[in-house]
Amino acid sequence: MSGQMIWGTVMLGICLFLHVGFLIVDIRLLKSLNAKLWASGPLVSTAVLLSAAIIIIVFSHSVQVWLWALSFIAFGAFNDPGTAVYFALVTYTTLGYGDVVLAENIRLYGAFASVTGLLGFGLSTAFLVAVFGKLLPNHLAD
């Protein structure tokens, strides 16, 4: 059981570190795009900036789901990559259909995937609220 907790914590840390990295890239991209798009008008620049922010966040979550899926395969939980990705996605999003379950010897490890998703979606939501809060007042003023 302690091995599951250690490896789950390691994966959670790796994923959240990656997610924060993607958010930092997102900030830099948004700053660069904002400077270039300001002349195109508030509607276009706001749409492009928000779309760019969301695309990078979705990409970050997708990378994390794939990392979890690969780890499930590496630990022998699944042989089929499709099932591993499906399980990782359903667990990461905390949807939890229950049609695919982990064996008892690895289920604690799998629970860390849902914690990763919860924290990642929380960070993403806070980030998008901050982006909306920064963009909309500036772009609605025009």
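Leaving out residues up to four places away in sequence, F75 touches W7, I106 and Y109. That is a handy way into this model, which is a predicted one. F75 sits in the loop between α2 and α3, and with a relative accessibility of 40% it counts as partly exposed. One of its partners, Y109, is 34 residues away along the chain, yet the two C-alpha atoms are 9.9 Å apart.

Stepping back to the whole chain, the secondary structure is easy to take in: four helices and zero strands, which read along the sequence as α-α-α-α. The radius of gyration comes out at 18 Å, well over the 14 Å that the globule rule gives for 142 residues, so the protein is more spread out than a compact globule. Along the principal axes, the C-alpha atoms fill a box of roughly 60 × 25 × 20 Å. Contacts between residues 24 or more positions apart make up 72% of those with a separation of 6 or more. As for the surface, about 8100 Å² is exposed, and carbon and sulfur atoms supply 74% of that. Of the 142 residues, 37% count as buried.

Now for the inside. In soluble globular proteins, nonpolar side chains tend to be buried together. Here, the largest nonpolar core has 19 residues, and the members that touch the most others are W68, F72, F78, A88, L102 and Y109. At least two residues of this core come from each of α1 (2-37), α2 (42-74), α3 (81-92) and α4 (107-140). The largest share, five residues, belongs to α3. A88 gives a closer look at the packing: setting aside residues up to four places away in sequence, A88 touches V65, W68, A69 and F72. Apart from this core lies another one, made of 11 residues, including L23, L37, F127 and V131.

Last comes Q4, a residue of helix α1. Q4 has a relative accessible area of 14%, and because buried means under 20%, Q4 counts as buried. Its side chain reaches the backbone oxygen of N105 at 2.8 Å. N105 also turns up among the contacts of Q4 beyond four places in sequence, a list that runs through E104, N105, I106, R107, L108, Y109 and F112. Two names on that list, I106 and Y109, are familiar from the start, as F75 touches both of them. Y109 was also named among the residues that touch the most other members of the largest nonpolar core.

How values were computed
Residues are numbered from 1 along each chain as its sequence is written. This is a predicted model: local features need pLDDT of at least 70, side-chain atom pairs count only at pLDDT 80 or more; totals for chains, interfaces and linings use all residues. Side-chain values use heavy atoms; hydrogens and water are left out. A nonpolar core is a set of buried Ala, Val, Leu, Ile, Met, Phe, Trp, Tyr and Cys residues joined through side-chain atoms within 4.5 Å. Buried means under 20% relative accessible area, exposed over 50%, partly exposed in between (1.4 Å probe, protein chains only). Contact means heavy atoms within 4.5 Å. A polar contact is a pair of N or O atoms within 3.5 Å; within protein, one must be able to donate a hydrogen and the other to accept it, and residues adjacent in sequence count only if both atoms are side-chain atoms. The radius of gyration is taken over C-alpha atoms; the globule rule is 2.2 Å times the number of residues to the power 0.38. Accessible areas come from the Shrake-Rupley method with a 1.4 Å probe; for residues, only the protein chains shown count as cover.
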